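Reader: I would like to learn how to read a fold like this one, feature by feature. Could we go through it together?

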Amino acid sequence: MLIREAKKNEFFLLKKQRLASYKIHKEKLSSKQWAMLETHLSSDINHQPGVEVFVAEMDGQIVGSVALFPADSKSYAGTSQAVECPEIRMLAVNPDFRSHGIGKLLVEHCIDISKIRKQKFIGLYTGCFMKHAIALYEKMGFERISSLDFSPLDDGIFVKAFRFYL
């Protein structure tokens, strides 16, 4: 398994892979919630200066990706609030390659980079309906920061905040 920086000509493929990866959650969400998530996953927000996109490659095939946003960047489209620490965003694993530790490897890569850069902690947000992702983050040692949770549509679906202290 190779973890490397994504090439610009791969971004279109990564968008398609993110959508395919998150599609399992579509039936858990209202059409309005899914449309918001789909828009976010399809956005070009990871093209901001300083944002790094990494891919997991197996036998020449991209099987997963993640974006690492630097502190003080804007990781959510339509918001003016900057994140206070590096933030892991849009972790996605090709559905055919789930349960092979790919997501964990991508998260560990982001943690390692943040440690090298002497960051104090790294954060991430995930939907309350993403049970497998939450279990992974908790198993890896991420702590919940419920004071940072939010509900984008104020409809009972929450985005949960997590932090990993380096």
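Author: Gladly! Let's begin with strand pairing: two strands count as paired if DSSP finds at least two bridges between them. Please keep in mind that this is a predicted model.

Reader: Which residue in E7 does Arg 144 stand opposite?

Author: Arg 144 stands opposite Phe 162 in E7. The strands E6 and E7 pair in the antiparallel sense, over two bridges.

Reader: In what sense do E5 and E7 pair, and over how many bridges?

Author: Strand E5 (residues 121-127) and strand E7 (residues 159-165) are antiparallel, with seven bridges between them. You can follow the register on screen: Tyr 125 has Ala 161 in E7 as its bridge partner, and Gly 127 is matched with Val 159 in E7.

Reader: What is the order of the strands in the sheet?

Author: The sheet is open and has seven strands, in the order E1-E2-E3-E4-E5-E7-E6, with mixed pairing. Strand E1 (2-5) and strand E6 (143-144) stand at the edges with a single partner strand each, so one side of each has no neighbour in the sheet.

Reader: How many residues of E7 are buried? And which strands does helix H4 lie across?

Author: For burial, the cut-off is under 20% relative accessible area. Five of the seven residues of E7 are buried, so this strand is mostly covered. Helix H4 (residues 131-140) lies across E4, E5, E6 and E7, and runs at about 160° to E5.

Reader: Let's turn to a helix. What span should H1 have, at 1.5 Å a residue?

Author: The expected span is 1.5 Å times one less than the number of residues. For the twelve residues of H1 that should be 16 Å, and the end C-alpha atoms are indeed 16 Å apart, which agrees.

Reader: Which residues of H1 are buried, and which are exposed?

Author: Phe 11, Leu 14, Lys 15, Gln 17, Arg 18, Ser 21 and Tyr 22 are the buried ones in H1. They cover an arc of only 165° around the axis, which puts them on the same side of H1. On the other side of H1, Phe 12 and Lys 16 are exposed.

Reader: What do the buried residues of H1 pack against?

Author: They pack against H2, strand E2 (52-58), strand E3 (61-69) and strand E4 (87-93).

Reader: And the loop that follows: is His 25 buried or exposed?

Author: His 25 is found in the loop between helix H1 (11-22) and helix H2 (31-42). Its relative accessible area is 8%, so His 25 is buried. Leaving aside neighbours within four places in sequence, His 25 is in contact with Phe 129 and Met 130. Ile 24 is found in the loop between H1 and H2 too, but with a relative accessible area of 43% Ile 24 is partly exposed. Ile 24 and Leu 91 are 67 residues apart in sequence and 14 Å apart in space, C-alpha to C-alpha.

Reader: One last feature: how many disulfides does the structure hold?

Author: A disulfide is a covalent bond between the sulfur atoms of two cysteines. This structure holds zero disulfides. Take Cys 110 as a case: the closest cysteine sulfur, in Cys 85, is 12 Å from the sulfur of Cys 110, too far for a bond. As for burial, Cys 110 has a relative accessible area of 0% and is buried. Cys 128 is buried as well, with a relative accessible area of 15%.

Note on methods. Residues are numbered from 1 along each chain as its sequence is written. This is a predicted model: local features need pLDDT of at least 70, side-chain atom pairs count only at pLDDT 80 or more; totals for chains, interfaces and linings use all residues. Side-chain values use heavy atoms; hydrogens and water are left out. Helices (H or I, at least four residues) and strands (E, at least two) are DSSP runs, numbered from the N terminus. Buried means under 20% relative accessible area, exposed over 50%, partly exposed in between (1.4 Å probe, protein chains only). Contact means heavy atoms within 4.5 Å. The arc is that of the directions from the helix axis to the C-beta atoms. Axes are lines fitted to C-alpha atoms, for helices over the stretch in contact, and angles run from 0 to 180 degrees between N-to-C directions. A disulfide is a pair of cysteine sulfur atoms within 2.5 Å.
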